[in-house]
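Got a minute to go over how a few helix labels are earned? Let's put the values next to the cut-offs.

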Amino acid sequence: MDGSITVEAKTQRSGLTLAAILDTALEMAAADGLESLTIGEVAKRLGLSKSGVFSRIGSREALQKAVIEEYDRRFLQDVFVPAMREPRGLPRLNAIMRLWLQRARDVEIRTGCIYCAGAFEFDDRDGPLRDLLLEGTRRWRGALKRTALQAIEAGHLDPDTDADQLVYELDGLFVALMREARFLRDPRAADRAWAAYERLIASLLPAPARRARP
């Protein structure tokens with residue numbers, strides 16, 4: 001057999017195994033928290049040896065970090081990448097929120113949100129995992145703020161709009177959504193979150209636009 005084909009096949013198998021490790025670890029972390037992750041448990045669920053998992057991912061802390069980074073990558077791919085195709089300002093902010101809620105329906109409501117759960121799991125624990133979660137949260141809120149400021153600059157929102165307050169309330173919507181959907185098990189939680197968003201934005205429209213609304 002050609003040596004290059006053998007190497008390519010091994011590389012593909014290794015890539016598939018790493019993807020399976022991350023998928024399994026993501027499910028575990030979303031359901032039971034990042035502290036639930038162990039090399040042994042991931043190996044057991046996948047039917048692999050502990051050394052097989054370790055050789056691909058490294059230590060337990062490396063596994064936890066890889067899970068946070070993969071969750072962040074998927075979130076960006078599902079929400080921000082498509083939203084950036086929309087015009088700057090309110091159309092883009094609307095797209096972010098619509099895609100965010102759609103992802104919540106498809107993923108977080110079913111499996112849980114690593115960032116929401118992680119914020120409580122690591123709120124009083126210092127260390128690299130808390131730092132990584134904090135970095136991701138700040139990056140997400142920073143992107144929301146930039147989009148809100150663009151909407152204000154474009155005249156889509158009232159010039160007196162407090163962008164920081166708006167970001168606070170948008171982020172709070174998602175935290176409330178997770179509690180309503182997962183703890184209270186309200187099947188209309190995502191619809192209620194969108195209705196709350198629409199009402200919030202309506203209150204921040206420029207005065208002429210507010211008067212023109214039915």
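Q: Why are α8 and α9 called roughly parallel or roughly antiparallel to each other?
A: Their axes come within 9 Å and cross at roughly 165°. Angles run from 0 to 180 degrees between N-to-C directions, using lines fitted to C-alpha atoms, for helices over the stretch in contact. Under 35 degrees counts as roughly parallel, over 145 as roughly antiparallel, 65 to 115 as roughly perpendicular and the rest as oblique. So α8 and α9 are roughly antiparallel.

Q: What kind of model is this, and what goes into the values?
A: It's a predicted model: local features need pLDDT of at least 70 and side-chain atom pairs count only at pLDDT 80 or more, while totals for chains, interfaces and linings use all residues. Residues are numbered from 1 along each chain as its sequence is written, and side-chain values use heavy atoms, with hydrogens and water left out.

Q: What makes α7 parallel or oblique to α8?
A: The axes of α7 (residues 128–153) and α8 (residues 163–183) come within 9 Å and cross at roughly 130°. That makes α7 oblique to α8. In α7, residues including W140, L144 and I152 meet α8 residues, among them L166, Y168 and D171 (contact means heavy atoms within 4.5 Å). By class, this contact has 10 nonpolar, no polar and four charged residues.

Q: How do you know whether α4 and α7 are parallel or antiparallel?
A: The axes of α4 (residues 60–83) and α7 cross at roughly 10° and come within 10 Å. The two helices are therefore roughly parallel. Among the residues making the contact are F75 and F80 of α4 and L132 and W140 of α7.

Q: What makes W100 and W140 an aromatic pair, and of which kind?
A: Rings of Phe, Tyr and Trp (its six-membered ring) pair if their centres lie within 6.5 Å; planes under 30 degrees apart count as stacked, over 60 as edge-to-face and the rest as tilted. W100 and W140 sit 4.3 Å centre to centre with 75° between the planes, which is edge-to-face. W100 is in α5 (residues 90–111) and W140 in α7, so the pair ties together parts 40 residues apart in sequence. The structure holds seven aromatic pairs.

Q: Where is confidence lowest and where is it highest?
A: pLDDT is the predictor's confidence in each residue, from 0 to 100. Confidence is lowest in α10 (residues 207–212), at a mean of 64, and highest in α9 (residues 189–204), at 96.

Methods
Helices (H or I, at least four residues) and strands (E, at least two) are DSSP runs, numbered from the N terminus. Ala, Val, Leu, Ile, Met, Phe, Trp, Tyr, Cys and Pro count as nonpolar, Asp, Glu, Lys and Arg as charged, and the others, Gly among them, as polar.
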